[in-house]
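Colleague: Could you take me through a close look at one part of this model, the helix packing in the first chain? I would be glad of the details, and of a short word on the other chain afterwards.

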Amino acid sequence: MKQIIYLTLVLICGSLQAQSNYEKGMQTAFQLWQDNPIEASNLFERIAQAEPDNWLPSYYAAQINIIKSFNLKDVEKLTAQLNKAQGLIDKAATLSEDNPELMVLQALLHTAWLAFDGATYGRTLSPKIREIYMKAEQIAPENPRVKYCKAEWDMRSAQYFGQDTSPYCKDLEKALELFANFKPETPFHPNWGEERTASLFESCSQ
Amino acid sequence: MKRILTIIFVLIPMLFVAQTKIEGMVTTAKGNPIEGANIYLQGTYDGTTSDEDGHFSFLTSEQGTLTLILSYLSFETYKMTEDVHNMNHLQISLKEDINALDAVVLSAGTFKAGDNSKINALKPLDVVTTASALGDFVGALQTLPGTSTVAEDGRLFVRGGNANETQIFIDGIRVFTPYTPTTNNAPTRGRYSPFLFDGITFSTGGYSAEYGQALSGVLLLNTIDEPDQNKTDIGIMSLGATLGNTQKWDSGSLSMNMSYINLAPYNAIFPNRNNFIDPFEALSGELVFRKKTNNGLFKLYSAYSNTGFELTQEDINNPQGAYFKLKNNNGYVNTSYCGVLKHAWSIQGGLGYTRDTNSLILDDNHIDGIENSFHGKLNLKKRFSKRLILHSGIEYFNSQFTETFSNEEIDRARYGYRNNIAAVFSEMDIFISKKLAYKIGLRTEYSELLHDFNLAPRLSVAYKTSKKSQLSLAYGDFYQMPSSQVLKYHQDLQPQDAKHYILNYQFNADGKIFRAEAFYKTYDNLVKYDTDFPGFDSQYSSLGNAYARGIDLFWRDNRSLQNVDYWISYSYLDTQRNDSNYPQRTQPGYANKHNLSLVGKYWIEDWRSQLGMSYTFSSGRPYTNPNRSGFLNDRTKPYNSLSINWAYLISQQKILYASVNNVLGFRNVNGYQYANSPDTNGTFNRRALLPAADQFFFIGFFWTLSTDNKSNQLDNL
């Protein structure tokens with residue numbers, strides 16, 4: 001019995017040690033995300049500076065800043081947040097070149113500017129956004145987030161021009177298939193978007 | 001028991017390693033707590049986020065000397081290196097980031113158009129969506145305060161200065177012949193296509209020491225660094241056609257743009273006061289090549305144009321009309337490089353070369369001119385910190401101008417000049433705080449032709465009066481060579497000098513901009529001559545002088561009314577000048593006291609259309625009436641023009657664009673031409689100088705073919 005307790009304790013300690021600071025940090029940050037995005041973003045940034053070769057923490061810190069910027073009306077705060085997110089994306093991009101996940105994030109960052117002031121940014125940023133999605137699709141045709149974000153973007157543009165959006169519903173359907181088969185490289189690699197794709201696809205059939 | 005002890009010894013170090021508590025407070029400079037700041041030990045996982053009282057505390061198992069970092073949006077990151085045991089009861093105040101959006105900007109006298117520059121009076125698109133501008137970048141700037149409406153000329157007249165006093169730069173390199181040639185009484189246009197530029201800065205005074213040889217204003221155009229995508233643009237217009245193509249690859253891109261303009265069909269439909277023998281015809285092409293290097297960007301911009309026309313114009317002294325024939329060839333090449341060096345240094349440099357040949361026949365006078373001009377510049381910038389930036393450079397201009405003149409009596413008289421100017425400049429931006437900033441600069445120039453060495457100090461100060469407003473003061477000394485019209489005959493002159501004093505107030509909030517600027521300008525060493533036009537027989541001196549003072553107001557609002565963006569500019573100008581052939585100080589013929597512009601754009605979502613209007617009013621300009629005594633003794637009636645345009649997106653790739661200038665058909669008079677001799681009653685008869693046509697109509701269809709079939713040329717319109 002004592003042997004077993006001993007073994008168990010040693011194993012627990014071992015596993016505690018095996019779970020690195022990186023994993024603990026990332027897990028904590030993901031847990032914080034929902035209720036306290038600022039703390040989560042801060043923690044991702046801290047991990048990013050402690051793990052200078054890993055693009056993921058910068059990616060998530062940028063993502064939080066971009067998501068926070070949608071529906072923000074304060075131009076000073078928006079500019080500060082999006083500039084910060086841009087810096088994080090640029091940093092991540094130097095660690096992982098031609099990364100389709102970072103391209104999707106870059107397109108979303110531009111979309112946040114567009115959502116803030118379409119009259120000012122629409123005509124200059126829309127071609128950029130399209131170009132990014134096109135390039136991402138060439139690099140990673142099987143990435144579900146590339147497929148779904150591009151489809152959503154195309155759909156919004158088509159709606160704007162009063163054109164048929166049904167071709168993009170097919171893209172969404174395809175994205176759902178890709179999601180079903182998608183396996184992130186590690187538990188911390190990007191793996192979001194499936195729910196949103198499903199709800200967009202649902203509204204398609206209505 | 002032993003085992004249990006072992007376990008305890010294994011566990012304790014793991015769970016209770018000797019930990020140090022790091023704690024303190026983080027506040028703004030004013031002592032307000034900062035919530036949400038990120039605080040951590042550099043290179044470790046240990047850190048936290050400050051709470052609503054600005055308080056932070058965390059444990060670390062690190063030992064020894066480490067760097068603690070505090071960062072927060074819109075504040076400068078704070079670093080302290082210390083033994084971790086001493087990192088308690090910390091009281092840290094963060095400095096506001098002077099690069100934040102609400103920080104002070106050194107902007108007196110300047111209008112900027114760019115996506116993300118801090119205060120944008122103009123947007124890049126405005127150049128081509130302003131109703132009266134017809135795609136001319138110069139035309140759009142004429143709706144800004146500080147410019148005078150000189151409808152028959154079309155160039156930029158800034159704050160009482162003549163058109164030669166404003167210089168244009170592409171990627172920092174001077175453009176020597178920016179305007180297309182034109183006949184008398186017909187406005188010129190900017191030579192270059194606005195579609196290739198994405199940044200425009202227009203300064204009507206007090207500009208940086210980097211720019212010289214401009215007494216009144218500078219217009220800085222930047223070519224696009226990286227185009228968005230591969231595409232082909234086709235345009236079919238009532239005046240001609242354009243064709244553009246862009247190819248991009250990983251490290252660079254190439255854009256080409258061709259345009260052919262022929263006014264013959266237009267003139268056949270709409271009556272024109274000129275009698276064209278050979279209609280206005282222009283073929284032009286532009287090419288931009290961009291290549292990214294490891295640490296910088298190389299750009300080559302080149303443009304070529306060939307323009308020609310032949311006509312007779314009504315002339316009161318010549319019943320057959322005045323004959324005018326012109327052929328012009330113009331080539332421009334501009335290469336520039338900007339890059340980052342080590343230790344916060346950056347470099348920017350470029351070379352520009354212009355060759356312009358002009359062949360003109362005026363009645364029986366043949367005038368052939370050749371201009372070769374070169375400009376080279378090298379700039380170095382050092383960021384000592386975010387708060388101290390040094391900017392220094394050297395510059396070299398070389399121009400050669402030769403003209404030959406022949407008529408029945410004179411056979412190929414040849415004259416001209418060659419001039420070299422070398423300049424050195426240095427400027428420092430000092431940000432005392434987020435509220436107060438200085439720019440101090442000095443420029444020195446040496447002109448070989450005039451054997452003259454001059455020193456031009458520049459200074460500006462900006463102070464943030466509230467979160468959304470600021471006050472700026474600027475002073476500058478500016479020198480410029482006399483114009484080539486004079487230098488080709490006579491060179492024993494001094495550089496012309498202007499001094500600017502500017503007081504600027506700016507308010508900027510939520511899509512609204514208000515700007516008020518008062519200025520005072522004095523001129524010295526202006527060129528005078530004693531004949532109607534400069535010539536060989538004229539007597540020249542550098543004894544001319546002038547002053548200009550006034551107020552410029554600007555208001556733009558794109559938020560208050562849905563889908564409406566509008567701006568209003570008003571300028572008041574009081575100027576008196578004694579130069580060229582003026583017998584005394586008087587208001588020059590190109591200056592008007594009041595200028596008002598109103599520009600509006602309305603986006604109709606359901607029609608996928610943008611409707612635009614632009615209204616200009618300017619008070620009368622002086623002209624000389626020989627039936628009364630005096631010089632520039634009469635005023636023309638005020639100028640009025642209302643222009644409208646409509647851009648319709650047929651689909652994502654096709655746009656239809658139409659515009660009408662002076663839709664209400666105001667009959668504007670640019671001035672009068674008087675007979676050389678009086679009639680039998682002793683009065684000098686006159687003829688009104690009217691524009692070639694009161695109204696102008698334009699229709700164009702633009703089609704973009706891109707790899708994804710979604711892009712369009714709305715950016716271009």
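Modeller: Happily! In this predicted model, helix H4 (residues 56-69) of chain A packs on helix H5 (residues 75-95) of chain A, with the axes 8 Å apart and an angle of about 155° between them. Angles over 145 degrees count as roughly antiparallel, so H4(A) is roughly antiparallel to H5(A). The crossing in which H4(A) passes H5(A) is left-handed.

If you want to follow the contact on screen, H4(A) brings Ser58(A), Tyr59(A), Ala61(A), Ala62(A), Asn65(A), Ile66(A), Lys68(A) and Ser69(A). From H5(A) come Leu78(A), Gln81(A), Leu82(A), Lys84(A), Ala85(A), Leu88(A), Ile89(A), Lys91(A) and Ala92(A). Sorted by class, this contact of H4(A) with H5(A) holds 10 nonpolar, 4 polar and 3 charged residues.

Now stay on H5(A) and turn to its contact with helix H6 (residues 100-116) of chain A: the axes of H5(A) and H6(A) come within 10 Å and cross at roughly 165°. That angle makes H5(A) roughly antiparallel to H6(A), and their crossing is left-handed. On the H5(A) side the contact is made by Leu78(A), Leu82(A), Ala85(A), Gln86(A), Ile89(A), Ala92(A) and Ala93(A). H6(A) answers with Leu102(A), Leu105(A), Gln106(A), Leu109(A), Ala112(A), Trp113(A) and Phe116(A). By class, there are 12 nonpolar and 2 polar residues in the contact of H5(A) with H6(A), and no charged ones.

It is worth putting the two contacts side by side. Leu78(A), Leu82(A), Ala85(A), Ile89(A) and Ala92(A) of H5(A) take part in the contact with H4(A) and also in the contact with H6(A). Lys84(A) and Lys91(A) are among the H5(A) residues that meet H4(A), while the contact with H6(A) has no charged residues.

As for the other chain, chain B has an open sheet of 4 strands in the order E3-E2-E5-E6, paired antiparallel. Its edge strands are E3 (47-49) and E6 (78-83) of chain B, each pairing on one side only. On average, neighbouring strands of this sheet are turned by 15° against each other, direction ignored. Strand E5 (residues 65-71) of chain B pairs with E6(B) in the antiparallel sense over 6 bridges, and Leu68(B) stands opposite Met80(B) in E6(B). The domain assignment for chain B gives domain 1 (14-94) and domain 2 (110-716), and the C-alpha centres of these two domains of chain B lie 54 Å apart.

Notes: Residues numbered from 1 in each chain as written. Chains lettered and ligands numbered in written order. Predicted model: local features only at pLDDT ≥ 70, side-chain atom pairs only at ≥ 80, totals over all residues. Pairing = 2+ DSSP bridges. Helix = DSSP H or I, 4+ residues; strand = E, 2+ residues; numbered from the N terminus. Axes fitted to C-alpha atoms, helices over the stretch in contact; angles between N-to-C directions. Parallel < 35°, antiparallel > 145°, perpendicular 65-115°, else oblique. Left-handed = near helix turned anticlockwise from the far one by under 90°. Contact = placed C-beta atoms within 7 Å. Nonpolar A, V, L, I, M, F, W, Y, C, P; charged D, E, K, R; others polar. Domains from an automatic or database assignment.
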